[in-house]
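Here's a friendly walk through a structure you may not have met before. Have a look at it first, and then we'll go through it piece by piece.

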Amino acid sequence: MPSKKRVLIVGAGIAGTTTAALLAREGIEVTLIEKSKSFISGMGICLPANATECLKKLNLIDIVCKNSFISNSWKILSESSKEITDFNFNTYFGPNKLFIATHRTVLHHALLSLENLEINFNLSISEILDNNANNVNVKFNNGTIEKFDLLVAADGIYSSIRQMICPEISIDYLGMACYRLVVPKPKNIDQVTFIFGSPGFLLMHPLSQESLYCGFVFPEKNKGRFTEKSFEKHIKTFFPSVRLPFQEGVQALPGWMETLSSTVFFKDRIVFIGDAGHGCATSLQQGAALAMEDSIILAECLKNISHIPEALYQFTKRREQRVNWVRQESNDCMRNLNQPLTEEQKTLRNEKIKTSGLNNFALWKKLFASSAFNY
Ligand SMILES: Cc1cc2nc3c(=O)[nH]c(=O)nc-3n(C[C@H](O)[C@H](O)[C@H](O)COP(=O)(O)OP(=O)(O)OC[C@H]3O[C@@H](n4cnc5c(N)ncnc54)[C@H](O)[C@@H]3O)c2cc1C
């Protein structure tokens, strides 16, 4: 791609920041816009081994690991808080597969350190005036109009660019809600702890020696019906026998498990990356990994193929199968976790977990064997 090409990147989240840095490095003229006034930190984030592979490729692994917790094992507890297994990741995945969890701000600052990027805060697109085989013409919310060779929509699952270009794609709620919070880490929790709820689950992940990230995921029929005020009531309903690692009255961030009804990769001169193109349930903790993989591969395609439509076609070819597999498995996992089980079903599940761990583990193993997805 000749360096005089102009690329507009909408959204300075994981996907947008990574892509902007990688394209700027190639000498491309990048404009990065972000609708918020500043970055929103948003709790912790778990990064399985394909996410840490991306951080290795970006030369960010050391800086991120310095401020993260490396998980070598997961303790899995039943609904009654009895230990089912203490599952060793090094034995199961091999010593090179690095799983970490960190504060979102740590990841974001690391990505921002890739290049000296100028971020245009408080800016978004109010209208796509034209999107054709040669360029894309947009109107910003400050009234200015500009033409670009490419628009990268990295504006998350609620992407307004996608809603303008593909209004037929809906955001479907999967019937599961969550609360996330970061609390001081009690001394007795020194590894990842997964507890089944009735139904749903609680994942407690240390982020450092000092802090613990807790994610409660539970069924809730109506999206938006609960607020942070109902936090403690929900926890007691679905996790009655869990000794919570924090005092009453703590603040938690509510959220919802959602998926796009289908994926979109590109339309003429607009390419969709990260959640904007393929958002889904977070069961396999693949949001950051897929966003960074998208960015790395898109930058490679644009670097190696000067004809933009061909580069976007090759990008789609390299991403489609892997992304669709992750979406399908993640959404299925979330739907399964929404099902209440009989005592007999719980016993069978626990027996299976003792030998092979959670369903996630086998799915991760498949995902890490990257050749399986033409990636
Ligand atoms: C409860 C929950 C837990 C999760 N846990 C994990 C986890 O442990 N591990 C993991 O990998 N993933 C997790 N995810 C998913 C992960 O957060 C997302 O997949 C990831 O953030 C997607 O990155 P992105 O850059 O595509 O989008 P986003 O992070 O959503 O970034 C989009 C950016 O675009 C900006 N923006 C939006 N609209 C506009 C606009 N019109 N104009 C300009 N800017 C705009 C936004 O402000 C934002 O900065 C979780 C998600 C949820 C809801």
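A residue is called buried if 20 or more other C-beta atoms lie within 10 Å of its own, exposed if 12 or fewer do, and partly exposed in between. Keep in mind that this is a predicted model.

Let's put that rule to work on two residues with unusual backbones. Glutamine 285 isn't a glycine, yet its phi is positive, at about 50°. You'll find glutamine 285 in the loop between H8 and H9. Is glutamine 285 buried or exposed? Glutamine 285 counts as buried, because it has 21 C-beta neighbours inside 10 Å. Aspartate 268 is another non-glycine residue with a positive phi, near 50°, but its 18 C-beta neighbours inside 10 Å make it count as partly exposed. Here they are in a table:

| Residue | Phi | Loop |
|---|---|---|
| Glutamine 285 | about 50° | between H8 and H9 |
| Aspartate 268 | near 50° | between strand E18 (266-267) and strand E19 (270-272) |

One more backbone oddity: serine 198 and proline 199 are joined by a cis peptide bond, with omega at about -15°. Proline 199 sits in the loop between strand E14 (192-196) and strand E15 (201-206).

Now for the ligand. It has 31 residues around it, and the closest are Gly11, Gly13, Gly156, Gly274 and Gly287. Sorted by type, the shell has 13 nonpolar, 13 polar and 5 charged residues. Several elements supply at least two residues each, including helix H1 (14-25), strand E13 (171-184) and helix H8 (275-278). Which helix gives the most to this shell? That's H9, with 4 residues.

Next, the inside. In soluble globular proteins, nonpolar side chains tend to be buried together. Here the largest nonpolar core has 108 residues, and Val10, Leu151, Val152, Ala153 and Val271 have the most contacts inside it. H9 gives the most to this core too, with 9 residues. Leaving aside residues up to four places away in sequence, alanine 153 touches several others, among them Val10, Ile161, Val271 and Phe272.

Finally, there's a small piece of architecture to trace: an open sheet of 3 strands in the order E3-E7-E4, paired antiparallel. E3 and strand E4 (68-70) are its edges, each pairing on one side only. Neighbouring strands are turned by 20° against each other on average, ignoring direction. E3 and strand E7 (residues 100-103) are joined by 4 bridges, and isoleucine 45 stands opposite threonine 102 in E7. Helix H5 (residues 104-112) lies across E3, E4 and E7, at about 85° to E7.

Definitions and conventions. Residues numbered from 1 in each chain as written. Predicted model: local features only at pLDDT ≥ 70, side-chain atom pairs only at ≥ 80, totals over all residues. Near = placed C-beta within 6 Å. Nonpolar A, V, L, I, M, F, W, Y, C, P; charged D, E, K, R; others polar. Core = buried A, V, L, I, M, F, W, Y, C linked by C-beta atoms within 7 Å. Contact = placed C-beta atoms within 7 Å. Pairing = 2+ DSSP bridges. Axes fitted to C-alpha atoms, helices over the stretch in contact; angles between N-to-C directions.
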